[in-house]
Every structure is written in structure tokens, then in C-alpha cells.
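Biologist: I am new to this structure and would like a close look at a single part of it, the side chains that might be paired with one another. Please take me through that part slowly, and then through what lies around it.

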Amino acid sequence: MCNSAAHNARPNRESVRKQIGVVAARLIARRDGDACVYCGATEASSGRKLHLDHITARALGGTNDVTNLVTACHSCNSRKQALTLAAWARVAAPKLTFTPASIRAHARCLPAAA
């Protein structure tokens, strides 16, 4: 990770949580049960902070819309990278059991703001 001022001053270097706001980030975490939607890991079980993952990667035209964001553990988020959800499901298939349709349907269901 680079901490130079020039690197960090590039456009869109702000975290997704900061870009979408605290309330939206909390809604996503609550919707996802504070666990990785791909493998079920929590911060306690993985020992690492959970991330917001773009279902459709930004590199593939995905947005920061809350229905395009899910909670993912560090391991799943870094292994998924910019893969499409279908490609990620094929890669993860031996160990993880989810379908692209189930993830997309889950992401469309947000709880009411508290």
C-alpha cells in the first residue's frame, strides 16, 4: 500500500464507506448480518475487518449504489477482484455455495433505516 500524498490524492481514493456514507454502510452490514455474503465469515471469525464489495466491479461499470454492494471478508474480496459474479461463483464453487442470482436478490433487500 502506498501512502504518498500524490498517490492518495488521486480521484476516487476515498473508501467506499466514506463515498456512500455511514448510514448506507450500516444498512448494508445489517442486511448482510455483519458477515461475508460469500463464505459467512465475520470479523470475529476471520480476525480482519469486513469490506464492501461491488457485485459488479467498478472496473466493469459497477456503481456505488447500495444494491451493487455487499459485505465481504478480506479473503473473498481480494480473490474476487474484478471478476463478474458468475465467474467468481465458478472459481469459488468448490468451497462456497452461492449463486449469482441469490447474491443479486439478497442485495436488493435493504432493511429500513434505523
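**Cysteines, charged pairs and surroundings**

Modeller: Let me begin with Cys39, which counts as partly exposed, at 37% relative accessibility. Please keep in mind throughout that this is a predicted model. The sulfur of Cys39 lies 3.7 Å from the closest cysteine sulfur, that of Cys73, which is too far for a bond, because a disulfide requires the two sulfur atoms to be within 2.5 Å. A search of the whole structure accordingly gives 0 disulfides. Cys36, too, is in no disulfide, and the cysteine sulfur nearest to it, belonging to Cys39, is 3.7 Å away. Cys36 is buried, with a relative accessible area of 4%, whereas Cys39, as I said, is partly exposed.

Charged side chains do pair up, and the count comes to 2 salt bridges. In one of them Arg31 is joined to Asp32, with the closest N and O atoms 2.8 Å apart. Both partners are buried: Asp32 has a relative accessible area of 8%, and Arg31 is at 10% relative accessibility.

The other salt bridge is formed by the side chains of Asp53 and Lys80, at 3.7 Å from N to O. This pair links distant parts of the chain, since Asp53 belongs to strand S1 (residues 51-54) and Lys80 to helix H5, with their positions 27 residues apart. Here again the partners are buried, Asp53 with a relative accessible area of 4% and Lys80 at 0% relative accessibility.

Helix H5, which holds Lys80, also has a part in what surrounds another helix. Helix H6 (residues 85-92) has the buried residues Leu85, Ala87, Trp88, Ala89 and Ala92, and what covers these includes helix H5 (74-80) and helix H7 (100-107).

Charged residues appear once more in the second largest pocket, whose volume is about 170 Å³. By class, the lining of this pocket has 5 charged residues, 4 nonpolar ones and 1 polar one. Among the lining residues are Arg17, Arg26, Asp34, Glu43 and Lys49, together with Ala25, Ala29, Leu50, Leu52 and Thr71. The largest share of that lining, 3 residues, comes from helix H3 (residues 22-31).

Terms used: Residues are numbered from 1 along each chain as its sequence is written. This is a predicted model: local features need pLDDT of at least 70, side-chain atom pairs count only at pLDDT 80 or more; totals for chains, interfaces and linings use all residues. Side-chain values use heavy atoms; hydrogens and water are left out. Buried means under 20% relative accessible area, exposed over 50%, partly exposed in between (1.4 Å probe, protein chains only). Helices (H or I, at least four residues) and strands (E, at least two) are DSSP runs, numbered from the N terminus. Contact means heavy atoms within 4.5 Å. A salt bridge is a side-chain nitrogen of Lys or Arg within 4 Å of a carboxyl oxygen of Asp or Glu. On a 1 Å grid over the protein atoms alone, a cavity is a set of points where a 1.4 Å probe fits but cannot get out, and a pocket is an open set with protein on both sides within 12 Å along at least five of seven lines; lining residues have an atom within 4 Å of a point. Grid points are joined across faces, edges and corners, and a volume is the space filled by probe spheres set on the points. Ala, Val, Leu, Ile, Met, Phe, Trp, Tyr, Cys and Pro count as nonpolar, Asp, Glu, Lys and Arg as charged, and the others, Gly among them, as polar.
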